[in-house]
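Colleague: Please take a close look at the side where one copy meets the next. I am new to this structure, so spell out the terms.

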There are 2 protein chains.
Amino acid sequence: MNQHELVRELAEKADTKIVLLVADGLGGLPMQLGGRTELETAATPNLDRLASLGTCGSSIPVLPGITPGSGPGHLGLFGYDPLEFKIGRGALEATGIGFELGPDDVAVRGNFCTLDAAGLITDRRAGRIPSEESFQVVDRLQGIRIDGVETFVKPVKEHRFVVVFRGPGLCGAVADTDPQAIGVAPLAAVGLVPAAERTARVANDFIRQAGALLANETKANGMVLRGFAAKPQLPSYQELYSLRAAAVAVYPMYKGLARLAGMTLVGNAHTLDEQIDELARCWNDFDFFFLHFKYTDSTGEDGLFTEKVARIEELDRAIPRIEKLRPDVLIVTGDHSTPSKLKNHSWHPVPTLLSANTCRPDGLEKFSERDCLRGGLGMFPAKHLMLMAMAHGLRFGKYGA
Amino acid sequence: MNQHELVRELAEKADTKIVLLVADGLGGLPMQLGGRTELETAATPNLDRLASLGTCGSSIPVLPGITPGSGPGHLGLFGYDPLEFKIGRGALEATGIGFELGPDDVAVRGNFCTLDAAGLITDRRAGRIPSEESFQVVDRLQGIRIDGVETFVKPVKEHRFVVVFRGPGLCGAVADTDPQAIGVAPLAAVGLVPAAERTARVANDFIRQAGALLANETKANGMVLRGFAAKPQLPSYQELYSLRAAAVAVYPMYKGLARLAGMTLVGNAHTLDEQIDELARCWNDFDFFFLHFKYTDSTGEDGLFTEKVARIEELDRAIPRIEKLRPDVLIVTGDHSTPSKLKNHSWHPVPTLLSANTCRPDGLEKFSERDCLRGGLGMFPAKHLMLMAMAHGLRFGKYGA
C-alpha cells in the first residue's frame with residue numbers, strides 16, 4: 001500500500017484549518033564557513049516562539065544531495081513523490097506563465113533561433129532578442145491553423161516562448177527538435193511512441209507554417225522545440241485528503257503548481273499583507289491554505305545575503321496576523337534551500353516548523369537550520385509533511401484495528 | 001533484496017538472549033503545550049540508567065503522521081512492514097478473543113441487528129444488547145451445520161461476535177453484508193473474486209440458518225458480517241531470524257499477534273511480576289522474549305495522565321528483575337503513543353531504548369521522548385527495530401564480502 005492509497009483510506013473530514021506557509025528557498029548557508037545562515041542571522045521572534053511550542057525538523061525535498069526545481073520542490077510539500085510525479089518542461093513552462101493546461105493539451109517550450117540561407121542554425125538563441133521584439137514575433141505566429149488542433153503561442157522572455165497544442169488524442173512523447181548545436185538544421189519532431197506520431201506531425205506542421213511567417217525576420221527566423229509534455233495527472237487534494245484547498249500566491253508559477261494539485265486560486269494579491277487579507281477573506285470557505293512567499297528565494301538567487309535576511313524578518317512580522325485567524329495547524333517551511341552563497345537552489349535540508357495543539361515539545365527555542373536538526377520532526381522527506389499536517393489537523397482515522 | 005530476504009540470508013544462531021518489552025502506548029504528550037509528557041513526568045531511575053549506557057531513539061510505527069491500531073503497531077515492532085502485511089478485521093477480531101486461526105480458516109466480525117417484519121434493519125446494533133444476553137444468542141447459533149465446513153461462533157462483547165468458517169479452499173475476499181444504514185435489508189455475501197464465491201455461499205447459508213434460529217428474538221433477530229479475512233501469512237520468527245521466540249502477554253489480542261508471528265505463548269500471567277516469573281521460568285528454552293505491558297495504553301486511552309505516570313513507574317520498578325536474568329539485549333519501547341491528552345492512540349514517535357554491551361554511547365542521561373530525539377538510534381521506522389535487536393544479539397553475519 002503506497003502513501004496515496006493510505007491517505008485516501010484514512011482521510012476524514014474535520015473542522016480544522018491547516019495553513020502551509022512556503023517561504024521559497026528558505027534554507028541557507030553562512031557566507032563563511034562556521035558563520036551563520038540567513039535564517040540564523042535574522043531576528044525572528046515570532047517564528048522562535050512558534051518553534052518553542054511547536055515541533056521542528058529538516059525537510060529533504062527529493063533525496064539527500066538532490067537540488068530540486070520549483071516543480072519537484074512544491075510537489076514534495078504537497079505530498080506527491082517528486083520522483084514518481086513529474087511535470088514535463090513544456091507543462092511547467094506553460095504553468096509558469098499562468099496558462100491553464102487542459103486534459104487535451106500538449107505544451108512545449110520554444111526557443112527562437114537564427115537560421116542561415118541553407119536552414120542551418122547560426123544562433124541557438126536568436127541573439128537573445130529583447131522581449132519586446134520577441135513578443136511581436138510571437139504575435140505573428142497566432143495566424144497558424146492546424147486541422148483539428150487548436151494552437152496557443154505565448155511569449156515567455158527574450159527568445160523563449162510556449163506553444164500549446166489542444167486536441168483529442170495528442171501525446172507528449174515527442175522528441176525535442178533542438179539539436180543542441182549550431183551549423184546543423186533543427187530536427188524534425190519525431191514521435192517516441194506510435195501514439196505520439198500524430199502530435200509530431202502537428203508540431204512539424206506548426207514549424208513549417210512558422211517558417212513561412214518568419215522568413216523575413218533577421219534574427220528570429222527559426223525555432224527549436226523542447227520538452228513536449230501533457231498536463232501531469234496528479235490526484236487532487238480534494239480526492240486525496242478530502243480537503244478544500246486554497247492557494248494564495250502572487251507568481252503564476254506557484255499558482256499553476258497549486259492548480260495542478262487541484263487547489264482553488266484565491267484573490268489577486270501582490271504583497272504578503274494582501275495575501276493575508278485574502279486568507280482572512282476566504283477563511284471559512286476552505287480547510288487548507290497554501291501561502292507562497294517568493295522573496296526568500298529571489299534574494300538568495302541574487303546572492304543578496306542581507307536582503308534575504310530582511311525578507312525573512314518581513315515574513316516573521318507577518319506571522320501574528322496569520323495566528324490571529326487561529327489555524328489549527330500552521331506550517332512554515334520552504335520548497336528547497338537557496339543559499340545566497342551559492343546564488344542558486346541547493347540540496348540542503350529545509351528548516352521546517354509545525355505549530356499545533358497536538359505538538360510534543362522538542363526543547364527547541366529558536367527556528368533555525370541548526371536547531372531544526374534537533375527537532376521532533378527529525379529529518380524527513382518533504383512528501384511526508386502532508387501526513388503530519390493531516391495528523392495534527394485530526395483528519396486521519398486509525399490505520400488498522 | 002527486501003528486508004526479509006536480507007534477514008533470512010544473514011541470520012545466524014548464537015547463545016544470546018533478546019528481550020523486547022513493549023509498554024503499549026508508551027509515548028505521550030504534555031497536557032499543556034510546553035509541559036512534560038507522562039514519561040518525562042515519571043520517576044524512572046532504572047530506565048534512565050539503561051538509557052545512559054544504552055542507545056535510544058524514536059520509533060515511527062507506520063509512517064509519520066499515521067496512527068496505528070494494535071495490529072500494525074506490533075507488526076512493525078516484530079519486523080513486518082505494516083503497510084505490506086495486513087491483518088484483516090475478522091482475523092484480528094478472532095485473534096483478539098484468543099481464537100487460534102488455522103490455514104483453512106476465514107474469520108469475520110458479526111454484529112447482531114434488529115430486523116422488522118419486512119426484513120429491514122431498524123437497529124444496526126440490536127439495541128446494544130448486554131453481553132450476557134448476547135452470549136445466549138451466540139449459543140443458539142452453535143447448532144448451525146454447513147456441508148464441508150466447520151463453523152465456530154464466538155461472542156465478543158455486547159452485539160459483537162466472531163464467526164470462523166473452517167474448510168479447504170475458503171477465501172477471505174468476500175464483501176461485507178453490512179449496508180451501513182437502517183431501513184434497508186442486510187446485503188447478501190458476495191465473492192469479490194471467483195475463488196471466493198463458495199465462501200460467500202457458505203456465509204449466506206450461515207445467515208439463512210441463523211435467521212431461522214433467531215426468528216423469535218426481539219432485538220437480535222438478524223446480523224451483518226464485516227471484514228471477512230483469512231489468517232495473515234506472516235513468515236515466522238523461527239524462519240526469518242532463526243529465533244526460538246516466546247511471548248509472555250496477559251491479553252488475548254497480544255498473545256494472538258505474537259502467535260501470528262510464530263511465537264510460542266508462555267505461561268498464564270496476570271501481572272507484570274507474574275510475567276517476569278514466567279520469563280525466568282522459560283529463560284533457557286527460548287532466544288527471544290516478547291513481554292507486553294498493557295496499562296500504559298489503557299490509562300492513556302482513559303485520559304488518566306497521573307495513572308499513566310504511575311504505570312510507567314511500575315514498569316520502571318520491574319526492570320531490575322529483568323536485568324537479573326542478564327539478557328544480552330533489552331529493548332523497551334511501545335507499539336505507538338497513547339497520549340492521555342488525546343485519549344487515543346496517536347501518530348507521535350515512540351521513545352525506544354536498547355541496552356546491550358555493544359551500544360555506542362549517545363550521551364543521553366534520561367529516557368524520555370525529548371531525549372530520544374537526540375539518541376543514537378535516531379528516528380527510525382519500527383520495522384527496523386528487529387534488525388538492531390539481531391545485530392546487538394550478534395546474530396547477523398556480514399552482508400557481502
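**Chain B beside chain A**

Modeller: Chain B is superposed on chain A by a rotation of 123° with 0.1 Å of shift along its axis, at an RMSD of 0.2 Å (a least-squares fit on the C-alpha atoms of residues with pLDDT of at least 70 in both copies). The two copies are thus related as by a three-fold rotation axis. Arg374(B) is the residue of chain B that comes closest to the rotation axis, with its C-alpha at 3.7 Å.

This is a predicted model, in which local features need pLDDT of at least 70 and side-chain atom pairs count only at pLDDT 80 or more, while totals for chains, interfaces and linings use all residues. Residues are numbered from 1 along each chain as its sequence is written, and chains are lettered from A and ligands numbered from 1 in the order in which they are written.

Contact here means that the C-beta atoms of two residues, placed from the backbone, lie within 7 Å. By that rule, 30 residues of chain B are in contact with 25 residues of chain A. On the side of chain B that touches chain A, H4, helix H5 (89–96) and helix H13 (369–372) each supply at least two residues; helices are DSSP runs of H or I with at least four residues, and strands are runs of E with at least two, numbered from the N terminus. That side of chain B has 17 nonpolar, eight polar and five charged residues. Nonpolar covers Ala, Val, Leu, Ile, Met, Phe, Trp, Tyr, Cys and Pro, charged covers Asp, Glu, Lys and Arg, and the others, Gly among them, are polar.
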